[in-house]
Amino acid sequence: MKAVLKAVALLIAVIATGAATVALVKEDMPDLAMPDAPWVSGSVLDGSVFYTTDQVIESGDVILDEFHFKDGAFQSAMCQIYCDFGWSDYKTWQDGETLHFYAVTRCPDAPHTVAFLGTVVDGKLSFAGTWTTRRWYWTHQINVIGEGTTTPTAAHLAES
Amino acid sequence: MTPKSGAKIVPLAVKFLALLTFILLATWGAHFIRDALNLEIMPRNEQGVHSAVMLGTAAYVVLLALPFVPGAEIGIALLTSFGASIAPLVYAATVTAMMLAYVIGLVLPTTALVKLLTILRMRRAADLIARAAALPPDQRIGMLLEEAPPNIMSLVLRRRYVALAIAVNVPGNAIIGGGGGIMMMAGLSGIFAPVPTLIAILIGVSPVPLVIFFFGA
């Protein structure tokens, strides 16, 4: 009985040490950072919906998305579909004609974090983003860029 | 060149070419399967990939711990599919599998082990354990090396932890039971203490995952 307990303890120690080592040595990838600027809580874009065409840099996949801004909060329609991200605060700062925005959204049920950094100039939104998944054994990140306006394209209308 | 030596070279060359062809086809096949599976991890499939990785890792640990079961291929498949980022997990899973086999050998009575392997229809593994059970514990590890040259036997007896680390890592060890069989026998032998065994395994199984982790897939 003592040998069995010793063996079980050894196995538990091996598994725990292994899991801790994996978690420790995995390479982290930071989310797209918010650059230093006089950011303020978002409100300028409230009530806007931008229909964006996005491209995943790693795979070349094209994604049609909708960015919703309401009551100081931001929501990506695709994030909502994939993982029920909900609404997140957004920040903005004005630089002449260019309005900068930044938002970070997190999936409540899985370790996904999506960061958006973009600009709106003359009603045209352009952005870059990172989708980072931090599992205990690895961190995976995809990068996305996109642009859109408040007018849906034919592709957006066909998809809706 | 005598006609006799020429007669020896031709079959050797044919075997070499056959091996080269097999390696080329296997490499092409691995790339083809990877492309066909479209393993780019995207938001839409990440949850599925995560479940597959967890399931694959669990299967890898269990299969690798069993004698004569080719479980290493799952680890190679994971490394081929996901590259350097999965290497730490594959390494930890390999160490866990080896230690699981060792602990099974250490703790389970040989009769129970033979019964279990027979129920699982693993006749070769059951035969191996049954043969080992008939021997005194300290002679069980030597049983695996009955056909080995004397210098290998001498290394096993003098530097058993070094020999264990080499044995579980040597390609082709499947013919004597594979990593799982060797570790189970190490546990059964009673001559391997847990902590030095763990250290030997930590070092022994590290080359492939470490190379992939540091230099990429």
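Chain A of this predicted model has a mean pLDDT of 91, with 98% of its residues reaching 70 or more. Within chain A, confidence is lowest in α1(A), where the mean is 78, and highest in strand β4 (residues 73-76), where the value is 97. As a general caution, predicted coordinates should not be read in detail where pLDDT is low.

**The contact between the chains**

The two chains meet through 26 residues of chain A, which are in contact with 22 residues of chain B. On the side of chain A that touches chain B, at least two residues each come from α1 (2-25), β8 (124-134) and β9 (139-149). Of the elements of chain A, α1(A) gives the most to this side, contributing twelve residues. By residue class, the side of chain A that touches chain B divides into 17 nonpolar, five polar and four charged residues. A reader who examines this contact may wish to keep in mind that α1(A), the element that gives the most to it, is also where confidence in chain A is lowest, at a mean of 78.

**The strands β7, β8 and β9 of chain A**

Strand β8(A), which supplies at least two residues to the side facing chain B, is joined by bridges to β7(A) and also to β9(A). The two pairings are set out below.

| Strand pair | Bridges | Direction | Residues between the strands |
|---|---|---|---|
| β7(A) and β8(A) | ten bridges | antiparallel | two residues |
| β8(A) and β9(A) | ten bridges | antiparallel | four residues |

Strand β7 of chain A covers residues 112-121, and in the hairpin that β7(A) forms with β8(A), A:D122 takes a positive phi near 50°. The pair β8(A) and β9(A) likewise forms a hairpin, with four residues between the strands.

Which residue of β9(A) is the bridge partner of A:W131? That partner is A:I142, while on the β7(A) side A:W131, which lies in β8(A), stands opposite A:V114. A:W131 can therefore serve as a reference point for following the three strands, given that two strands pair if DSSP finds at least two bridges between them and that ten bridges join β8(A) to β7(A) and ten to β9(A).

**Chain B**

Chain B contains twelve helices and zero strands, so that its elements, read from the N terminus on, are α throughout. Buried residues make up 36% of the 217 residues in chain B. Among the contacts in chain B with a separation of 6 or more, 70% are between residues 24 or more positions apart.

Technical notes
Residues are numbered from 1 along each chain as its sequence is written. Chains are lettered from A and ligands numbered from 1 in the order in which they are written. This is a predicted model: local features need pLDDT of at least 70, side-chain atom pairs count only at pLDDT 80 or more; totals for chains, interfaces and linings use all residues. Two residues are in contact if their C-beta atoms, placed from the backbone, lie within 7 Å. Ala, Val, Leu, Ile, Met, Phe, Trp, Tyr, Cys and Pro count as nonpolar, Asp, Glu, Lys and Arg as charged, and the others, Gly among them, as polar. pLDDT is the predictor's confidence in each residue, from 0 to 100. A residue is buried if 20 or more other C-beta atoms lie within 10 Å of its own, exposed if 12 or fewer, and partly exposed in between; C-beta atoms are placed from the backbone.
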